[in-house]
Amino acid sequence: MWQSLWTRHFDATVGDGGPLRGARQARSSADMVFAVRLDWPAGDHEFGCPRADEGAARRELDRVRWFWRRGPMRPRLRLVRISAHDFDLHAKARRGCKAPDCP
């Protein structure tokens, strides 16, 4: 529940979205993005705020930390580099992923 609330609220409202927001062209599996990884206490994880450059991704990481700083659930946060394909898969088909080989 918290994950879906975060994804709907945070990705839609924070920042200008960076260069990936609103892009209509298909991304190839070789495209790499920086994303914020949220590790939840139950062991699952999700990714949010994809950005093409590391500086923009670090600013988003700071915003996510600020968002969760006083919440009842505090995920462990870190910046990761992930393929655009894997990012899209996690957003659509891998909710609640607990795979240890994810970035």
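These legends go with close-up views of a predicted model.

**View 1. The whole chain has three helices and three strands.** Helices (H or I, at least four residues) and strands (E, at least two) are DSSP runs, numbered from the N terminus. Reading along the sequence, you get the pattern α-β-β-α-β-α. Of the 103 residues, 40% are buried, where buried means under 20% relative accessible area, exposed means over 50%, and partly exposed falls in between (1.4 Å probe, protein chains only).

**View 2. Trp 40 and Trp 68 meet as an edge-to-face pair.** Rings of Phe, Tyr and Trp (its six-membered ring) pair if their centres lie within 6.5 Å; planes under 30 degrees apart are stacked, over 60 edge-to-face, and the rest tilted. Here the centres are 5.3 Å apart, with 80° between the planes. This pair ties together distant parts of the chain, 28 residues apart: Trp 40 sits in the loop between β1 (32-39) and β2 (45-51), and Trp 68 in helix α2 (residues 54-68). Both Trp 40 and Trp 68 are buried.

**View 3. Phe 67 also pairs edge-to-face with Trp 68.** The ring centres are again 5.3 Å apart, and the planes make 85°. Phe 67 counts as partly exposed because its relative accessibility is 29%, while Trp 68, at 5%, is buried.

**View 4. Trp 40, Phe 67 and Trp 68 make a cluster linked by ring pairs.** The count of aromatic pairs comes to two.

**Notes.** Residues are numbered from 1 along each chain as its sequence is written. Local features need pLDDT of at least 70 and side-chain atom pairs count only at pLDDT 80 or more, while totals for chains, interfaces and linings use all residues, and side-chain values use heavy atoms, leaving out hydrogens and water.
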